[in-house]
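The following paragraphs lead the reader through one protein structure, from its strand pairing to its core and its charged pairs. Please keep the sequence and the coordinates at hand while reading.

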Amino acid sequence: MNQLMRQAKKLQDEMMKAQAALAEREVEGTAGGGAVKVRMNGHKQPLAVEITQEVVNPDDVEMLQDLVLAALQDALKQVDELTEAEMGKYTRGLNLPGLF
């Protein structure tokens with residue numbers, strides 16, 4: 001029983017380190033061929049938004065809104081994939097509800 005508890009503690013420590021490391025990782029979501037870029041860390045916190053001047057048109061605000069949304073969704077998808085790749089090795093096969 002003690003050995004099982006030590007293994008569980010070790011796994012928990014490794015998972016916490018991996019989660020902390022995700023905060024240091026960055027992804028970049030893009031839309032419009034790179035006209036809009038959103039940088040985000042591994043904890044889904046936006047870090048920066050870049051918009052090229054070519055897509056800023058006061059007569060077509062909806063297009064710019066769509067591009068920003070698409071870049072944000074792309075960044076979120078990349079964070080989810082990064083999280084699954086990094087944390088999945090700890091949770092694979094555990095069948096824990098609510099985890100990835």
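Gly29 stands opposite Val38 in strand 2. This model is predicted, and the pairing of Gly29 with Val38 is a convenient point of entry to its sheet. Strand 1 and strand 2 run antiparallel and are joined by 6 bridges. Two further pairs can be followed along the strands: Thr30 faces Lys37 of strand 2, and Glu28 faces Arg39 of strand 2. The two strands form a hairpin with 4 residues between them. Within that turn, Gly32 adopts a positive phi of about 65°.

Val38 also leads on to strand 3, where its bridge partner is Val49. Strand 2 and strand 3 are likewise antiparallel, with 5 bridges between them. They too form a hairpin with 4 residues between the strands, and here Lys44 takes a positive phi near 65°. Taken together, 3 strands make up an open sheet in the order 1-2-3, with antiparallel pairing. Strand 1 and strand 3 (46-51) are the edge strands, each pairing on one side only. From one strand to the next, the twist averages 15°. In general terms, the strands of a sheet pair through backbone hydrogen bonds, in either a parallel or an antiparallel manner.

Which residues of strand 1 point to the buried face, and which to the other? The side chains alternate along the strand: Val27, Gly29 and Ala31 point to one face and are buried, whereas Glu26, Glu28 and Thr30 point to the other and are not. Glu26, at 47% relative accessibility, is classed as partly exposed because its value falls between the limits of 20% and 50%.

Val27, from the buried face of strand 1, is among the residues with the most contacts inside the largest nonpolar core. That core comprises 18 residues, and Val36, Met40, Val55 and Met87 share this distinction with Val27. Helix 1 (2-24), strand 1 (26-31), strand 2 (36-41) and helix 2 (61-91) each contribute at least two residues to the core. Helix 2 gives the most, with 8 residues. The surroundings of Met40 can be listed in detail: beyond residues up to four places away in sequence, Met40 touches Arg25, Glu26, Val27, Gln45, Pro46, Leu47, Leu72, Ala75, Leu76 and Val79.

A polar residue, Asn41, is also found in strand 2. Is Asn41 buried or exposed? Its relative accessibility is 6%, and Asn41 therefore counts as buried. Its side chain has polar partners: a polar atom of the Asn41 side chain lies 2.9 Å from the backbone nitrogen of His43, and a polar contact of 2.7 Å joins the side chains of Asn41 and Gln45. Leaving aside neighbours within four places in sequence, Asn41 is in contact with Leu22, Ala23, Arg25, Glu26, Leu47 and Val79. Of these residues, Arg25, Glu26, Leu47 and Val79 are also touched by Met40.

The charged side chains form 5 salt bridges. One of them connects Glu26 and Arg39, with an N to O distance of 2.7 Å. Glu26 lies in strand 1 and Arg39 in strand 2, so this salt bridge ties together parts that are 13 residues apart in sequence. Arg39 is partly exposed, with a relative accessible area of 28%.

Another salt bridge joins Asp80 to Lys44, their closest N and O atoms being 2.7 Å apart. This pair links distant parts of the chain, since Asp80 belongs to helix 2 and Lys44 to the loop between strand 2 and strand 3, 36 residues apart. Lys44 is the residue with the positive phi in the hairpin of strand 2 and strand 3. Asp80 is partly exposed, with a relative accessible area of 39%, and Lys44 counts as partly exposed at 41% relative accessibility.

A further salt bridge is formed by Asp13 and Lys9, whose closest N and O atoms are 3.0 Å apart. Why are Asp13 and Lys9 separated by about one helical turn? The reason is that they are 4 residues apart in helix 1. Asp13 counts as partly exposed at 30% relative accessibility, and Lys9 likewise counts as partly exposed at 45%.

Terms used:
Residues are numbered from 1 along each chain as its sequence is written. This is a predicted model: local features need pLDDT of at least 70, side-chain atom pairs count only at pLDDT 80 or more; totals for chains, interfaces and linings use all residues. Side-chain values use heavy atoms; hydrogens and water are left out. A nonpolar core is a set of buried Ala, Val, Leu, Ile, Met, Phe, Trp, Tyr and Cys residues joined through side-chain atoms within 4.5 Å. Buried means under 20% relative accessible area, exposed over 50%, partly exposed in between (1.4 Å probe, protein chains only). Contact means heavy atoms within 4.5 Å. Two strands pair if DSSP finds at least two bridges between them. Axes are lines fitted to C-alpha atoms, for helices over the stretch in contact, and angles run from 0 to 180 degrees between N-to-C directions. A polar contact is a pair of N or O atoms within 3.5 Å; within protein, one must be able to donate a hydrogen and the other to accept it, and residues adjacent in sequence count only if both atoms are side-chain atoms. A salt bridge is a side-chain nitrogen of Lys or Arg within 4 Å of a carboxyl oxygen of Asp or Glu.
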